[in-house]
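Biologist: Could you walk me through this one? I would like to hear the reasoning behind each term you use.

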Amino acid sequence: MKIKTTFVTLLATAALVPTFAIAQTNGKLKVGLMLPYTGTFASLGNAIENGFKLYVAEQGGKIAGREVEFVKVDDESDPSKATDNVNKLVKRDNVDVLIGSVHSGVAMAMAKVAKDSGTLLIVPNAGADAVTGPMCATNIYRSSFSNWQPGYAMGEVMAKKGIKKVATITWKYAAGDESVKGFKEAFEKGGGTVVKELSLPFPNVEFQALLTDIAASKPDAVFTFFAGGGAVKFVKDYAAAGLNKTIPLYGSGFLTDGNLEAQGADAEGIFTALHYADSLNVAKDKSFRLAYAKTYKLQPDVYAVQGYDAAQILGIGLNAVKGDVSKKAEFAKAVEAAKIDSPRGVFTLSKAHNPVQDFYLRKVVGKENKYEGIASKGLTDPARGCKM
Ligand code: BEZ
């Protein structure tokens with residue numbers, strides 16, 4: 001009886017193996033989009049989804065021959081809900097790949113679950129240094145930047161301009177803290193001093209008391225990290241306080257990217273550093289912008305580019321493994337060797353899977369983040385703490 005049961009079990013298992021293998025490479029590819037669709041980063045989440053879907057549409061709706069199916073979660077940029085949200089995608093919906101998120105705190109929770117479960121994760125925005133630092137892993141990738149990168153690039157620019165005393169202002173969470181840290185590292189190396197570090201909790205926008213503090217400390221310039229709806233309010237409040245006439249405002253490019261319609265004349269002349277700009281002379285950017293505008297009746301921004309490139313990374317890796325997401329080492333080998341033809345310009349991924357890319361100096365002119373030159377060429381995140 002026992003022998004018979006074992007034989008039946010073996011037969012059943014043998015019958016299951018090929019079916020499972022076929023399902024992994026030929027069935028629908030389930031993509032879990034965990035992005036903010038409400039709150040101060042809602043427009044960033046939508047742009048990422050648009051960019052990702054544009055690439056999928058260009059491939060005829062399939063990646064590596066697998067039809068793409070989306071499962072969406074609004075993460076509300078709330079780290080306290082992030083672990084539950086990502087676990088739903090992994091355990092309940094059984095997604096093949098996680099795409100997310102925008103907020104650094106949410107992305108860190110996603111990276112923890114991805115690392116523990118082995119699920120493939122591509123981060124299309126959040127810059128949390130830890131994701132490609134101590135949390136780095138074979139199955140974790142980023143199509144965007146580390147928080148250190150744009151801050152560092154702007155620190156180099158401002159020090160070279162001869163600016164001596166700077167006040168910083170940002171939200172108190174990983175993205176703000178790490179942007180300022182990157183900025184300080186380069187700015188102090190170049191001879192500058194940070195005379196005041198101001199912050200307020202995310203996503204608060206009550207800037208008045210902090211602006212009064214800036215006016216009283218009379219720095220030569222201000223460096224800032226804000227993004228989305230909060231960045232619109234900050235630029236408008238800075239101008240309303242008259243500070244744009246006396247103390248030049250600089251920032252990582254999230255301050256103005258995707259925000260110029262709403263910021264209007266109050267953003268005119270602001271210098272920022274970012275891995276994208278509006279008037280790049282890049283062939284891929286021209287075709288991308290045309291296709292994006294035609295599809296969505298909107299101009300793309302850096303978030304749309306990062307979404308598009310997250311899908312490109314997925315395509316490169318999955319093509320190399322013929323759609324089999326379980327082949328993580330081969331997936332990684334293909335992506336690590338790739339030159340990714342991005343609208344931002346060609347970039348590669350570091351050993352820690354963070355983009356090695358040029359940072360551009362941009363100036364707001366009318367409704368454009370106009371390219372002014374290279375702020376930092378082929379800037380590589382130091383990936384501190386990554387053991388891979
Ligand atoms: C972040 O939380 O990492 C982030 C959010 C918006 C823009 C850039 C970075």
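Modeller: What follows is a short exchange about the ligand and the space around it, in a model that is predicted.

Biologist: Happy to start there. Which residues come nearest to the ligand?

Modeller: There are 15 residues around the ligand, and the nearest are Val-102, His-103, Ser-104, Gly-127 and Tyr-173.

Biologist: What makes the approach of Tyr-173 to the ligand a polar contact?

Modeller: The cut-off for a pair of N or O atoms is 3.5 Å. An N or O atom in the side chain of Tyr-173 is 2.5 Å from an oxygen atom of the ligand, so the pair counts as a polar contact. Two backbones pass the test as well: a polar backbone atom of Gly-127 lies 3.0 Å from a ligand oxygen, and for a backbone N or O atom of Val-102 the distance is 3.4 Å.

Biologist: How much of the ligand's surface does the protein bury?

Modeller: The ligand taken alone exposes 270 Å², and the protein buries 100% of that.

Biologist: Why is the space taken by the ligand called a cavity?

Modeller: A cavity is a set of points, found with the protein atoms alone, where a 1.4 Å probe fits but cannot get out. The ligand takes the space of the largest cavity, whose volume is about 90 Å³. A search of the whole structure finds 1 cavity of 30 Å³ or more.

Biologist: What kinds of residue line the largest cavity?

Modeller: The lining divides into 11 nonpolar, 5 polar and no charged residues. Nearest the centre of this cavity are Val-102, Asn-125, Phe-145, Tyr-173 and Phe-225.

Biologist: And how do you know where the ligand lies relative to domain 1 and domain 2?

Modeller: Domain 1 (23-145 + 279-353) and domain 2 (148-274) both give residues to the shell around the ligand, so the ligand lies between them.

Definitions and conventions
Residues numbered from 1 in each chain as written. Predicted model: local features only at pLDDT ≥ 70, side-chain atom pairs only at ≥ 80, totals over all residues. Heavy atoms only, no water. Near = heavy atom within 4 Å. Polar contact = N/O pair within 3.5 Å; in protein donor to acceptor, adjacent residues only side chain to side chain. Areas by Shrake-Rupley, 256 points an atom, 1.4 Å probe, with all protein chains shown as cover. 1 Å grid on protein atoms, 1.4 Å probe; cavity = no way out; pocket = protein on both sides within 12 Å on 5 of 7 lines; lining within 4 Å. Sits in = over half its atoms within 2 Å of the grid points. Domains from an automatic or database assignment. Points joined across faces, edges and corners; volume = space filled by probe spheres on them. Nonpolar A, V, L, I, M, F, W, Y, C, P; charged D, E, K, R; others polar.
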